[in-house]
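User: I have a model open and want to talk through how its parts fit together. Can you take me through it?

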2 protein chains.
Amino acid sequence: MTAIPPDEILGRIQKLQALLSASEPTIDVALVLDQVNQYYLSGTIQSAHLLVPAEGEATLLVRKVLERAQEESPIENIKPFSSLKNLSAELELVAGPRPWRIGIELDVLPAKTFSLYQKILGDSVEFVDISPTIAQLRSVKSSWELEQIRTSAQINQKLYEAMPEILSPELSTYELQSVLNCRACLFGHIGLVRMRGFNVDGLIGVVASGPTGAEPGHSAFPIGGLGPHPSIAHGGDFNKIHVHTPVIFDYLANQNGYHHDQTRMAVIGKLNAEAMKIFDGMQGLLRAVEARLKPGKAPSEIYEEVLALAEERGLAEGFMGQPGYKVPFIGHAIGLEVNETPVLAKKFDAPLVEGNVLAVEPKYTHPELGVIGLENTYAITEDGFENLGTASEEVVQVKP
Amino acid sequence: MTAIPPDEILGRIQKLQALLSASEPTIDVALVLDQVNQYYLSGTIQSAHLLVPAEGEATLLVRKVLERAQEESPIENIKPFSSLKNLSAELELVAGPRPWRIGIELDVLPAKTFSLYQKILGDSVEFVDISPTIAQLRSVKSSWELEQIRTSAQINQKLYEAMPEILSPELSTYELQSVLNCRACLFGHIGLVRMRGFNVDGLIGVVASGPTGAEPGHSAFPIGGLGPHPSIAHGGDFNKIHVHTPVIFDYLANQNGYHHDQTRMAVIGKLNAEAMKIFDGMQGLLRAVEARLKPGKAPSEIYEEVLALAEERGLAEGFMGQPGYKVPFIGHAIGLEVNETPVLAKKFDAPLVEGNVLAVEPKYTHPELGVIGLENTYAITEDGFENLGTASEEVVQVKP
């Protein structure tokens, strides 16, 4: 098991503290409750409260399991915690006397839970949303983090290699998706994909093909798909895969908490000329994004420029979805969660910096053929980008 | 695909309306945003707002995908919805002029999102938590719903039957868990398990065995387990399964949105006398719960009585976890989500009624052997209970 190295954790806490101090006015303490942020800042996922003051030592208050937190986290102050009644006293120990300006994760903390914390902590407390600050911190990956994503990428490499053996007209897209999920786990996937937010379902991967694969989805994913059932309405379905019909497989590999996102195409038989033309078009747009991936370039610029290129090259109609059902982005940051910041989309005007990691996914929805496209996960380097994955982009072809 | 029949949906809306009217003071309209509650009350999961007034017709406002919502839901008023700015006008159409008392799901709606709705809807609006009301409605299952759970139970039956062929000392508990997940999907599982709440990960199933399987977990599950990685810290791990060591497999089957929860034991070789004694003890406690499952009996009474029985029978030490790490329940309601209400725990004093569905899971954690126990999902009937599953309770034995 690859635990997060102590230096990583302590460095992250220091950087968060610098951001807390630099806030106007200062945020006295971050009360970190979200388990992914807790893992990022402590190295352990337990039932716990993480208190990070602007100055001084962080404290991890653990309801369950104390021993495991102590074993996994380099934080020195790890204490048992049995009642929320003690929270105020613990905050005073790390942040000094009131009044307090407390950073808390308002993007994921349920309204009822937030209101409980407001009540428990009482007067002389101002709450501010700490999630954007932690997201900003998380958006710049260390070299150790890039290595984790490269490791996860090996699962996607192996899935790509296994596809010729697995793909068969006996399977439905949902069955193929299920078999790929299992293979991913046997290749080291930890079986969980983390998406941030409300009403989102984390699937390890989706497979789509043909008209039902082209169905628009309710979610923010470029691949919709009929799904196996109305209660999920996303991804593969129970229709058998047809010969000569493009099969898209979009997988979120996660071997160590860090995700690698990759999309490839496969076909039983051969893609027809129209499908090949679209595939070549999407590959061309992927190269166009790559040419723009470097520090200083704004995600919103890349988005607008690539949209204009798609238009210019006659690929606009189905690009990122059919008209009326398009998703408003062409890529997204990824790390401990799949939907991190920045996004290759409008309004993301802050320039890219070294250490950003972006999954770039030009995709085209064709009502009959399904979805056609590619996706790679890239790190922004000092002067350009590195593709963190190793799988060939060639369409996997198997004999009918 | 088993869509929810129109009569079910319309009946549920009517019942919710009766509860809104009966509230003191009346709740004018429920603004349903959680996708599971939306699915329960509309039959579709889209990016949408569901408005259910205390009187009059419900309206489903769909951002994406309108056609799919229209196809899947029997609600007559289904309208496109592109901006939150129109929400106030739409509420006025269904609930009449302000002031409004609006029911909203404060248990899952993020604090920031709630605050956005407060801002958008402005003055003369009082918000109340509608989740407990919808949970109460959902806690009584119709005969159609029971049939869905019986259907999902067939996946668990098939997993039980497949175990002798799958279990092998070549596998780690995590690998066995992954293979079972895949089999479940090939048997019809839709690949998703829904848990309600913050910081919860929905796993299709967990496998645990031996000392690492006995590790206490941070979550509310009776089976903890080392897990494959610190970022998940739950379920199977990469240690190979040992002969003569109990293997527990706890699976959440979901073929149609409705979950069936089942736990069984397996072993390569034979359970030793100590393990058999614990297994017999847990089976005895399961029978003791069954004898108490009937309308009129309070979940809290069942809990207390079975805890006393465990004590009496010398099974208290590891029952529902080792001392200091016990979970405070012996069963939970289940349906569209895994963690529904009521729970077989303290404070659940409202008597059981016909149509409640409970997963009952007496389990014993032994530091060396791992977790030993059983779980069945039951419906409360007119005068007792029905076991909704069909799998034998016998320990699956395979040759070393």
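User: How many salt bridges does the structure hold over all chains?
Analyst: This is a predicted model, and over all chains the structure holds 51 salt bridges.

User: Let's stay with chain A. What domains is chain A divided into?
Analyst: Domain 1 of chain A covers 6-138 and domain 2 covers 143-398. The C-alpha centres of domain 1 and domain 2 of chain A lie 34 Å apart.

User: How many residues does each domain of chain A put into the contact?
Analyst: Domain 1 of chain A gives 15 residues, and domain 2 of chain A gives eleven residues.

User: And what area do domain 1 and domain 2 of chain A bury between them?
Analyst: About 1,000 Å², with 47% of it on carbon and sulfur atoms.

User: Which three residues supply the most of what domain 1 of chain A buries?
Analyst: A:Glu8, A:Val36 and A:Arg138. Together they supply 42% of the area that domain 1 of chain A buries against domain 2 of chain A.

User: How many salt bridges are there between domain 1 and domain 2 of chain A?
Analyst: The count is five salt bridges. Six residue pairs are in polar contact between domain 1 and domain 2 of chain A, counting pairs with both residues at pLDDT 80 or more.

User: Which helices supply the side of domain 1 that touches domain 2 in chain A?
Analyst: In chain A, α1 (6-22), α2 (35-42) and α6 (131-138) each supply at least two residues of that side. α2(A) gives the most, with five residues. By class, the side of domain 1 of chain A that touches domain 2 of chain A has six nonpolar, three polar and six charged residues.

User: Back to salt bridges. What does A:Arg12 meet?
Analyst: The A:Arg12 side chain forms a salt bridge with that of A:Glu145, at 3.4 Å, N to O. A:Arg12 is also in a salt bridge with A:Glu8, at 3.3 Å, N to O.

User: Where do A:Glu8 and A:Arg12 lie?
Analyst: Both are in helix α1 of chain A, four residues apart, about one turn of the helix.

User: Different topic. What turn lays chain A on chain B?
Analyst: A turn of 180 degrees, with a shift of 0.0 Å along the axis, lays chain A on chain B with an RMSD of 0.0 Å. That is the relation of a two-fold axis.

User: And why do the copies meet through the same surface?
Analyst: Because 100% of the interface residues of chain A are also interface residues in chain B.

Key: Residues are numbered from 1 along each chain as its sequence is written. Chains are lettered from A and ligands numbered from 1 in the order in which they are written. This is a predicted model: local features need pLDDT of at least 70, side-chain atom pairs count only at pLDDT 80 or more; totals for chains, interfaces and linings use all residues. Side-chain values use heavy atoms; hydrogens and water are left out. Domain bounds come from an automatic or database domain assignment. Contact means heavy atoms within 4.5 Å. Buried area is the accessible area (1.4 Å probe) that two parts lose on being put together, summed over both. A salt bridge is a side-chain nitrogen of Lys or Arg within 4 Å of a carboxyl oxygen of Asp or Glu. A polar contact is a pair of N or O atoms within 3.5 Å; within protein, one must be able to donate a hydrogen and the other to accept it, and residues adjacent in sequence count only if both atoms are side-chain atoms. Ala, Val, Leu, Ile, Met, Phe, Trp, Tyr, Cys and Pro count as nonpolar, Asp, Glu, Lys and Arg as charged, and the others, Gly among them, as polar. Copies are superposed by least squares on the C-alpha atoms of residues with pLDDT of at least 70 in both.
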